[in-house]
Amino acid sequence: MKIVELHARAMELAAEVVDTVRADQLDLPTPCAGWTLRRLLEHCAGQHQGFAAAARGAGPDLALFADAPVDADPAGVFRRTGTELTAAFREAAAVERALWLPEIRDSGPFPLAQAVGFHLLDTLVHGWDVAAALGSPDALVAAVDGDDALADALSAVTEAVPNTPEARAPGRAFRPGLEPGGGAGRFDRALALLGRDPAWRAS
């Protein structure tokens, strides 16, 4: 399934960013309001574990998606849990397994391609969050914009995210969409549509 391999590419790009995080940077602010870099990476690791469990057939158990500690090895935890998720998605693709994602809805499972698309978006956006917190998002943006298939997948999932007051309310995954600048690249446009300011930098 093509989306599974695109997700693997997204995961590797994000992992390359997280590889540069030092333990003394974990208290840095991020574009996720109120979240430090540690909190963001614990969220990512927990999502990796939750999606992997879902891909292996777990039911709608919110506890599976709980944040996971990164301690003093954020890069190692991110890569380990990300590698496990990539393997789980490939296993699910082999049997076309649908995934229960109770954080999104608990009324039924999602088709695998849609579920993988959700996490592809999260992977790239949170990868950018980490890079922006570190003050160096340009390389990730250029890598995604230079990969037409990956940029296409990101754009497609982004455009399917509802931009309604209910969907973008405080506490939701994304804020109300912003107007992309005329010269914005595809990744920057996706960030803006999801309520991220592509020019965000830690003050």
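Rings of Phe, Tyr and Trp (its six-membered ring) count as a pair if their centres lie within 6.5 Å. Keep that rule at hand for the exercises below, which all use a predicted model.

**Exercise 1. Describe the fold of the protein chain and decide how compact it is.**

Start with the elements. The protein chain has seven helices and zero strands, so its order from the N terminus reads α-α-α-α-α-α-α. Next, turn to the radius of gyration: the value is 16 Å, close to the 17 Å that the globule rule gives for 203 residues, and the chain is therefore as compact as a globular protein of that length. For the extent, take the C-alpha trace, which spans about 45 × 40 × 35 Å along its principal axes.

**Exercise 2. Work out what share of the residues is buried, and what the exposed area is made of.**

Begin inside: 46% of the 203 residues count as buried. Then go to the outside, where the protein chain exposes about 9400 Å², with carbon and sulfur atoms supplying 53% of that area. Finish with the contacts: among those between residues at least 6 apart in sequence, 68% join residues at least 24 apart.

**Exercise 3. Locate the mean positions of the positive and negative charges relative to each other.**

Count both kinds: there are 18 positive and 28 negative charges. Their mean positions turn out to be 1 Å apart.

**Exercise 4. Classify the ring pair of Phe-51 and Phe-65, and say which parts of the chain it ties together.**

The rule gives three aromatic pairs in total. For Phe-51 and Phe-65, the ring centres are 5.9 Å apart and the planes stand at 80°; planes over 60 degrees apart count as edge-to-face, so this pair is edge-to-face. Now place the residues: Phe-51 lies in helix α2 (residues 37–55), while Phe-65 sits in the loop between α2 and α3 (74–95), so the pair ties together parts that are 14 residues apart in sequence. Both Phe-51 and Phe-65 are buried.

**Exercise 5. Extend the picture to Phe-89 and name the cluster that results.**

Check the geometry of Phe-51 and Phe-89: at 6.4 Å centre to centre and 85° between the planes, they form an edge-to-face aromatic pair. This pair links distant parts of the chain, with Phe-51 in helix α2 and Phe-89 in helix α3, 38 residues apart. Then compare with the burial cut-off of under 20% relative accessible area: Phe-51 has 3% and is therefore buried, and Phe-89 has 0%, so Phe-89 is buried too. Put together, ring pairs link Phe-51, Phe-65 and Phe-89 into a cluster.

Notes. Residues are numbered from 1 along each chain as its sequence is written. This is a predicted model: local features need pLDDT of at least 70, side-chain atom pairs count only at pLDDT 80 or more; totals for chains, interfaces and linings use all residues. Side-chain values use heavy atoms; hydrogens and water are left out. Helices (H or I, at least four residues) and strands (E, at least two) are DSSP runs, numbered from the N terminus. The radius of gyration is taken over C-alpha atoms; the globule rule is 2.2 Å times the number of residues to the power 0.38. Buried means under 20% relative accessible area, exposed over 50%, partly exposed in between (1.4 Å probe, protein chains only). Contact means heavy atoms within 4.5 Å. Accessible areas come from the Shrake-Rupley method with a 1.4 Å probe; for residues, only the protein chains shown count as cover. Lys and Arg count as positive and Asp and Glu as negative; His and the chain ends are not counted. The place of a charge is taken as NZ of Lys, CZ of Arg, CG of Asp or CD of Glu. Rings of Phe, Tyr and Trp (its six-membered ring) pair if their centres lie within 6.5 Å; planes under 30 degrees apart count as stacked, over 60 as edge-to-face and the rest as tilted.
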